[in-house]
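Open the model in your viewer and show the chain as a cartoon. The tour begins at one helix pair and then pulls back to the whole chain.

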Amino acid sequence: MTNLQERGHLLTEQVNPHSLNLDQISSLELVELFNAEDQKAVAAVAAAKIKLAEAIDRTADRLRQGGHLFYVGAGTSGRLGVLDAAECPPTFCTPPELVQGIIAGGAGALVRSSEDLEDRAEDGEAAIAQRHITQLDVVVGITAGGTTPYVHGALNAARQRGAMTIFIACVPAEQVSRDADIDIRLLTGPEILAGSTRLKAGTVTKLALNILSTGVMVKLGKVYGNRMVDVAVTNQKLRDRALRILQDITGLSREAAGFLLERSGKWVKLALLMHWTNLEKEAGEKLLSEHQNNLRAAVANYNNDKQP
């Protein structure tokens with residue numbers, strides 16, 4: 001890692017020549033400028049697609065073996081990691097410990113500034129030790145400018161424990177180097193408001209984390225086609241979504257879909273398996289378990305076994 005005191009040369013700290021008159025333009029011009037600059041976030045993800053795909057495959061492999069995914073960051077980067085982790089249980093019905101967000105300053109840093117704590121590499125090391133991270137786990141260090149000591153401390157500790165490490169930054173490697181198993185650079189250029197990395201850098205980080213976590217869950221069999229078959233049915237909106245998934249895929253009436261959902265214990269994936277195989281709940285659960293809860297694999301195996 002490059003140790004930097006003077007950060008003015010970093011891509012994320014430079015002055016954007018397109019917004020030099022930001023305080024003089026109209027609101028419409030401001031919106032148009034933001035919209036034009038935000039296109040660079042999509043392009044940056046495209047430029048990093050090979051590394052992102054590798055991160056998906058290797059992370060899914062670790063999680064299949066019993067590992068966990070940890071995001072580590074400070075400030076905006078930390079909040080985005082916590083957000084992505086928090087959205088996995090309701091979307092994919094994962095246990096809260098499967099994907100975790102670690103932010104410098106802890107939960108309080110989500111709602112109030114604690115950016116001074118990002119300078120403590122030893123706190124990042126301690127966060128890894130506290131969670132007993134092992135060689136099965138994946139630790140993603142997120143730092144827009146690439147220099148956050150808290151993140152580097154966490155990554156160093158994770159590597160010492162044999163965990164797979166992923167580094168996500170919005171500066172090129174020649175500005176800030178980092179030893180990691182996968183090094184992802186999301187280069188969006190200088191911010192409209194100089195140095196405010198909650199803008200384009202934050203946007204591109206959110207895009208990348210969306211892709212990473214969703215891709216991993218797809219590989220783990222949490223999705224059938226493009227449907228959330230592991231959605232947690234915890235409120236009326238999600239119950240409606242579960243019923244619509246069952247209706248669309250099976251052709252059942254809403255009433256029949258509701259009955260099937262209840263019989264399955266409100267688990268869409270199991271409900272589909274029960275419908276297609278005529279298995280009861282307990283037998284269906286056993287079949288899914290034998291195929292790591294992958295619906296497509298379980299159904300294919302059941303059909304193969306039934307063939308003469």
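**Stop 1: the H4–H5 contact**

Select Ala121, Asp123, Gly124, Glu125, Ala127 and Ile128 in H4; they meet Pro149, Tyr150, Gly153, Ala154, Ala157 and Ala158 in H5. Colour these residues by chemical class. Eight are nonpolar, two are polar and two are charged. Keep in mind that this is a predicted model.

**Stop 2: the geometry of the pair**

Two packed helices are described by the angle between their axes and the distance between the axes. Now select residues 121-130 for H4 and residues 149-160 for H5. How do the axes of these helices cross? They come within 6 Å of each other, at an angle of roughly 40°. That crossing angle makes H4 oblique to H5, because oblique covers angles that are not roughly parallel (under 35 degrees), roughly perpendicular (65 to 115) or roughly antiparallel (over 145). Turn the view until one helix lies in front of the other. The crossing of H4 past H5 is right-handed.

**Stop 3: the whole chain**

Zoom out and select everything. How many helices and strands does the chain have? There are eleven helices and five strands. Align the view to the principal axes: the C-alpha trace spans about 70 × 50 × 35 Å along them.

Next, colour by burial. Of the 308 residues, 46% count as buried. Then show the surface. The chain exposes about 14800 Å², and carbon and sulfur atoms supply 50% of that area.

Finish with a contact map. Among contacts with a separation of 6 or more, 63% come from residues 24 or more positions apart.

Key
Residues numbered from 1 in each chain as written. Predicted model: local features only at pLDDT ≥ 70, side-chain atom pairs only at ≥ 80, totals over all residues. Heavy atoms only, no water. Axes fitted to C-alpha atoms, helices over the stretch in contact; angles between N-to-C directions. Helix = DSSP H or I, 4+ residues; strand = E, 2+ residues; numbered from the N terminus. Left-handed = near helix turned anticlockwise from the far one by under 90°. Contact = heavy atoms within 4.5 Å. Nonpolar A, V, L, I, M, F, W, Y, C, P; charged D, E, K, R; others polar. Buried < 20%, exposed > 50% of the residue type's maximum accessible area, 1.4 Å probe, protein only. Areas by Shrake-Rupley, 256 points an atom, 1.4 Å probe, with all protein chains shown as cover.
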